[in-house]
Amino acid sequence: MAEAKTSSRMAVSVMLEQWRQQRPELPILEAGLVGVLLRVGKRLEQIGLESLKPYELGWSEHDLLAALRRRGSPYSATPGELLDELFITSGALTACTNRLIARGLVFRAKSKKDSRSRIIALTTDGFHFIDKVTTERFRLCEELMSVYSADDKSKLFDLAEQFLKS
């Protein structure tokens, strides 16, 4: 695994040097940063998907369960609230919810606030399941970031957040 990381980093450096030689007037550093961030994103996505495989979850299923769990008791939300939070379409939310219902992890119910509205909520099994998955994923994140100091992690977070706001 270390070889893959090194070769990816070297590949970006080599590409940047080639561009410096061929087109020195271009904003090489900026393009390099975007390229590195794209590779980091792809690598983190691979790691994340691998960590979900033992639980037979995809991103959408995980994100839906996590969104419900984060809300606190009664661990429920309307589809509209979930769509505001998740990066999926309403059709994908329906399909995802149906898969999780079939696994006994969530259920649909009428809203107590509006009888015309439906909510999606965690079952007891769903609550325990997402807690287990979350604990493992947070530990994985801790492991991945363990090479950075607390100060570096804080700076990296601030820079990434600043980028997302731009």
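At what angle do helix 3 and helix 6 pack? In this predicted model, the angle is about 105°, and the two axes lie 10 Å apart. Helix 3 is therefore roughly perpendicular to helix 6. Helix 3 covers residues 59-70, and helix 6 covers residues 124-145. From helix 3, the contact draws on Trp 59, His 62, Leu 65, Ala 66 and Arg 69. From helix 6, Phe 127, Phe 129, Ile 130, Asp 131, Val 133 and Arg 137 take part. By class, the residues of this contact comprise seven nonpolar, one polar and three charged.

Two further residues of these helices were examined. Asp 63 belongs to helix 3. Its relative accessible area is 32%, so Asp 63 is classed as partly exposed. Asp 63 and Leu 83 are separated by 20 residues in sequence, and their C-alpha atoms are 11 Å apart. Phe 138 belongs to helix 6. Phe 138 has a relative accessible area of 60%; because the cut-off for exposed is over 50%, this aromatic residue counts as exposed. Between Phe 138 and Phe 163, the C-alpha distance is 23 Å, for a separation of 25 residues along the chain.

The loop between helix 3 and strand 1 holds two backbone features. The first concerns Pro 74, which lies in this loop. The peptide bond between Ser 73 and Pro 74 is cis, with omega at about 15°. The second concerns Tyr 75, also placed in the loop between helix 3 and strand 1. Tyr 75 is not a glycine, yet its phi is positive, near 55°. With a relative accessible area of 21%, Tyr 75 is partly exposed. The cut-off for buried is under 20%, so Tyr 75 does not count as buried.

A positive phi is also found at Glu 56, again a residue other than glycine, with a value of about 55°. Glu 56 sits in the loop between helix 2 and helix 3. Its relative accessibility is 65%, so Glu 56 is exposed.

Strand 1 includes Ser 76. At 18% relative accessible area, Ser 76 falls under the 20% cut-off and is therefore buried. Beyond residues up to four places away in sequence, Ser 76 touches Leu 68, Arg 71, Ile 119, Ile 120 and Ala 121. One of these partners, Ile 120, is in strand 3. Ile 120 is buried, with a relative accessible area of 3%. Its contacts, neighbours within four places in sequence left aside, are Leu 68, Tyr 75, Ser 76, Ala 77, Pro 79, Leu 82, Thr 97, Val 106, Phe 107 and Arg 108. Tyr 75, with its positive phi, is thus among the residues that meet Ile 120. Leu 68 is in contact with Ile 120 and also with Ser 76. Ile 120 and Lys 110 are 10 residues apart along the chain, with 8.9 Å between their C-alpha atoms.

The strands also contribute to a pocket. The second largest pocket has a volume of about 310 Å³. Its lining consists of Pro 74, Ser 76, Ala 77, Thr 78, Glu 81, Ala 109, Lys 110, Ser 111, Lys 112, Lys 113, Ile 119 and Ala 121. At least two lining residues come from each of strand 1 (76-77), strand 2 (106-110) and strand 3 (118-122). Five residues of the lining are nonpolar, three are polar and four are charged. Among the lining residues is Pro 74, the proline of the cis peptide bond with Ser 73. Ser 76 lines this pocket and is buried. Ile 119 and Ala 121 belong to the lining, and both touch Ser 76.

Elsewhere, Ile 28 was examined in helix 2, which covers residues 28-52. Ile 28 is buried, with a relative accessible area of 9%. Outside its neighbours within four places in sequence, Ile 28 contacts Leu 16, Trp 19, Arg 20 and Arg 23. Ile 28 and Gln 18 lie 10 residues apart in sequence, and 9.9 Å separates their C-alpha atoms.

Conventions. Residues numbered from 1 in each chain as written. Predicted model: local features only at pLDDT ≥ 70, side-chain atom pairs only at ≥ 80, totals over all residues. Heavy atoms only, no water. Helix = DSSP H or I, 4+ residues; strand = E, 2+ residues; numbered from the N terminus. Buried < 20%, exposed > 50% of the residue type's maximum accessible area, 1.4 Å probe, protein only. Contact = heavy atoms within 4.5 Å. 1 Å grid on protein atoms, 1.4 Å probe; cavity = no way out; pocket = protein on both sides within 12 Å on 5 of 7 lines; lining within 4 Å. Points joined across faces, edges and corners; volume = space filled by probe spheres on them. Nonpolar A, V, L, I, M, F, W, Y, C, P; charged D, E, K, R; others polar. Axes fitted to C-alpha atoms, helices over the stretch in contact; angles between N-to-C directions. Parallel < 35°, antiparallel > 145°, perpendicular 65-115°, else oblique.
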